[in-house]
Every structure is written in structure tokens, then in C-alpha cells.
Amino acid sequence: MVRWDNYYTWTFKGWSALDVLMAIDMPADDKLRHLDRIVRRGADAKHLRPRAQGLLNAAARERGLTSEQLADLLVPDLGLDAEGSMTLDYGTRRFVVGFDEQLKPFVTDGDGKPRKTLPKPGVKDDDQLAPLAHQRFADLKKEARAVAADQIRRLEKAMVAGRSWTPEEFRSVFAGHPLMRHIARRLVWSADGTAFRVAEDGTLADVHDDGYILPEGARVTLPHPVLLGKDTVAAWASVFGDYEILQPFPQLGRPVHELEDGEREATRLTRFEGATAHFGRFMGMTSRGWELGGKETGGFRRQVNLITPDERHVMIAFEPGIRVLNPEEFAEQTIERVMLMTGRYSGKAHPFGALDPVTASEMLAELARLTA
């Protein structure tokens, strides 16, 4: 029989959790959403990730999509209407659900006045509609919380990686999606060198608040501030400030870093070498795309690595190293060297000037955070 102790530890006559999942009678996209959640957030099921990712990759190939394009299509609409809202009917009164920059739902009353919380059903409310509406909002908060962190993190990663979308993809996946539109209108987008935003009514506008028509055939991106330039960033920051628009992750307010004189030709960043940092800061880098090096003699890890989008390898080596079984043993770590190689552990040094401006800025921001 199936044991339901934990979603990720189902067993059925030796079947794995994924075997059980794939055997359940549910829509294919719902199964893929579960697989996607395991890959992105299955901290208790690391052993399942490779196979789950393989199943997602196979599904993407069957549809002629990349894995990221498939992930775009798997974002649920949470039962929202075409305008990205939901009406909660209490019979005698109604409330409308909206979402903030972190996709946290909130409610306004019939007059459009925000409320701190959704009220419990009262004696004057419909005894059937009101409890159902109240429970639906509780469920919606849980559903949104499960989706929000993944989608915000995924979009930030897309900005750093320079991912792009066709106009049709942008409209269906972001601007016109019932849930993702709430994130899309809080970011600056770009197409063919022109930056724009999604207004609250779904139309597009440039930095002067003039209407903007997305060219067919263009590629839509989430521009990193290093690509926008200081003046453009300042202009957009003013627009967002005027409209009191908060961003889901740092874009306009993101720190921008550049290589210093002489560092573009260098294969090591000596200004960071010799600095010390708590081991927790090195481990924290793994949540932002860096990888800890393999275990060495004595069970130590002495590197943290970044494989760039173009497959170059940034390595930060530190001493005495983090002992896997007792990381507190050597709390303070000293950066021995920061170097760039042509490929993963190629051993061939590469000048840092070969990195694109976004990758260089993000790498330097990480080093600045590490040694602050």
C-alpha cells in the first residue's frame, strides 16, 4: 500500500515516489508541476532530482521546447480571472483579491479599500457562500506561497543569464498570465534596445510613459542594470518611485560592479585574496548558483565555483577549508586565490576581461558580499 508519511517518501512495493506520481490518474501538466517542484524545491528529495529533471527534459523534447520554456508554461493560474484577480462572494458583500510584488495575496472591499485581513463570515453573510469564500482565500495564500519564491527566483536567474522570449511568449507567459502579470508589471523589460514596462491595465509604456508597441520578431529580455546604464536606470527608478512600484527582486536597485584597471587582462583577482569570511558565507553562495568543490583529504571542501553561461569557470579557493562533518571547526576561512579558467577544471587560466559585463558584475557583487 502507499505510505503517505511524506510526499517525497511514498513507497509502493518498491516503487519510488516518482513511479507512484507518474502512475496517478491526474492531468499531465499537474504531474509535470509536481516534478518541477521536486527539482526546484525538493530539499528533502535530492536523490529524486536527477530523474525528475530527466522526466521534465523528456516532456520538453516531446513538445519541441527547452526545459525553461516548459517551466514557463507550467506556472499555474491559481484560478484567477483574466485580469489576475479573484472575487470572494460572501453573499451580502464581496471582496477582491490582488497581489503584491512578492505574489502575496491581499483583499480590498467593495469600495476598493484595502483590508488588513479577510474578515471571517458574519451572521449577515450567506451561510454557504461565505465559508467557502473564506476557505478559498486561505487555500489561495498557500498556493501562492508555494509558487511565488520559485517564480521570482527563476526570473532573477533569467535576467542574469540574459534569457529572451518572443513577443508571443512574453504576452502569454508574463503580460497576459493571470498570476505572472503581477510580477511582470513590476519589472523593466527590453526589446530591440528599447526599455519598457507593463502598465497596470496591461498596455506597454516607455520611460516617458508614452505607449509602446512591441515589434513583431523582437526578442524580449529582462535587462540587467549594467546593460541599461546609469542614466536609464535613474530615469526608470524615478518612474517606479512616482507610481510606488516595488520590485520582486533587485533590478533597478541592483549593485553594479566593474573590473578595475588591470583586472581585465589578469587571470586572478588579487584584491580579494587574503580576505577572510565566515564559512557560512561560502556555503550561502550555493543558493545563488555557485557550487562547493568536492571533498578533499580529511573531508574538507576548499573551493566554491561558478560555471558561467558560456561555460567558463570562476574558482574561489580558500583555506583551511570547510570540514563536511564539522563546519564549525574552522569558522573563519581565508581566500587563497580567485581565478578564471577556460572551462570546468580545465587548469587553463583565462583573463577576466573575457567575461560579459553582466557575469562580471554578478561575480564581483558576490565577492563584495563575501568579503564585506
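# Notebook: sheet, hollows and rings

I began with the open sheet of 5 strands, whose order is 5-9-6-7-8 with antiparallel pairing. At its edges I found strand 5 (164-165) and strand 8 (204-205), each pairing on one side only. I note here that the model is a predicted one.

I then looked at how strand 8 is held to its neighbour. Strand 7 (residues 194-198) pairs with strand 8 in the antiparallel sense over 2 bridges. In that pairing I found Arg197 opposite Ala205 of strand 8. I also followed the side chain of Arg197: its charged end sits over the ring of Tyr243, 4.5 Å from the ring centre.

**Entry on the cavity.** I asked how many cavities of 30 Å³ or more there are. The count is 1. For the largest cavity I noted a space of about 40 Å³. Its lining consists of Glu68, Asp72, Gln151, Arg154, Leu155, Ala158, Arg163, Trp165, Phe174 and Met180. Helix 4 (67-73) and helix 5 (129-161) are the elements that give two or more residues to this lining. Helix 5 has the largest share, with 4 residues. By class I recorded 5 nonpolar, 1 polar and 4 charged residues.

**Entry on the rings.** Two residues of the cavity lining, Trp165 and Phe174, led me to the aromatic pairs. The structure holds 11 aromatic pairs. Why is the pair of Trp165 and Phe174 called edge-to-face? Their ring centres are 5.0 Å apart and their planes stand at 85°; planes over 60 degrees apart count as edge-to-face. Both Trp165 and Phe174 are buried.

I looked up Phe170 and Phe196 next, and this pair is also edge-to-face, at 5.7 Å centre to centre and 90° between the planes. The pair links distant parts of the chain, since Phe170 lies in helix 6 (residues 167-175) and Phe196 in strand 7, 26 residues apart. I checked burial here as well: Phe170 and Phe196 are both buried. Tracing the ring pairs onward, I arrived at a cluster of Trp165, Phe170, Phe174, Trp189, Phe196 and Tyr212.

**Entry on the largest pocket.** I noted about 1800 Å³ of space in the largest pocket. Which of its 44 lining residues are closest to its centre? They are Lys157, Thr286, Ser287, Arg288 and Gly289. Among the elements that each supply at least two residues of the lining are helix 2 (28-41), helix 3 (49-62), helix 4 and helix 5. I also listed strand 11 (291-292), strand 12 (300-307) and helix 11 (357-371) as suppliers of at least two residues each. Helix 5 gives the largest share of this lining, 7 residues, and helix 5 also gives the largest share to the lining of the largest cavity. By class, I recorded 17 nonpolar, 9 polar and 18 charged residues for the pocket.

**Entry on the second largest pocket.** Here I noted about 460 Å³ of space. The lining has 24 residues, and nearest the centre lie Phe99, Phe106, His182, Arg185 and Glu200. Strand 2 (94-99), strand 3 (105-108) and helix 7 (181-184) each supply at least two residues of this lining. Which element gives the largest share? I found that strand 2 does, with 4 residues. By class, the lining divides into 10 nonpolar, 6 polar and 8 charged residues.

Terms used:
Residues numbered from 1 in each chain as written. Predicted model: local features only at pLDDT ≥ 70, side-chain atom pairs only at ≥ 80, totals over all residues. Heavy atoms only, no water. Pairing = 2+ DSSP bridges. 1 Å grid on protein atoms, 1.4 Å probe; cavity = no way out; pocket = protein on both sides within 12 Å on 5 of 7 lines; lining within 4 Å. Points joined across faces, edges and corners; volume = space filled by probe spheres on them. Nonpolar A, V, L, I, M, F, W, Y, C, P; charged D, E, K, R; others polar. Phe/Tyr/Trp six-rings, centres within 6.5 Å; stacked < 30°, edge-to-face > 60°. Buried < 20%, exposed > 50% of the residue type's maximum accessible area, 1.4 Å probe, protein only. Lys NZ or Arg CZ within 6 Å of the ring centre and 35° of its normal.
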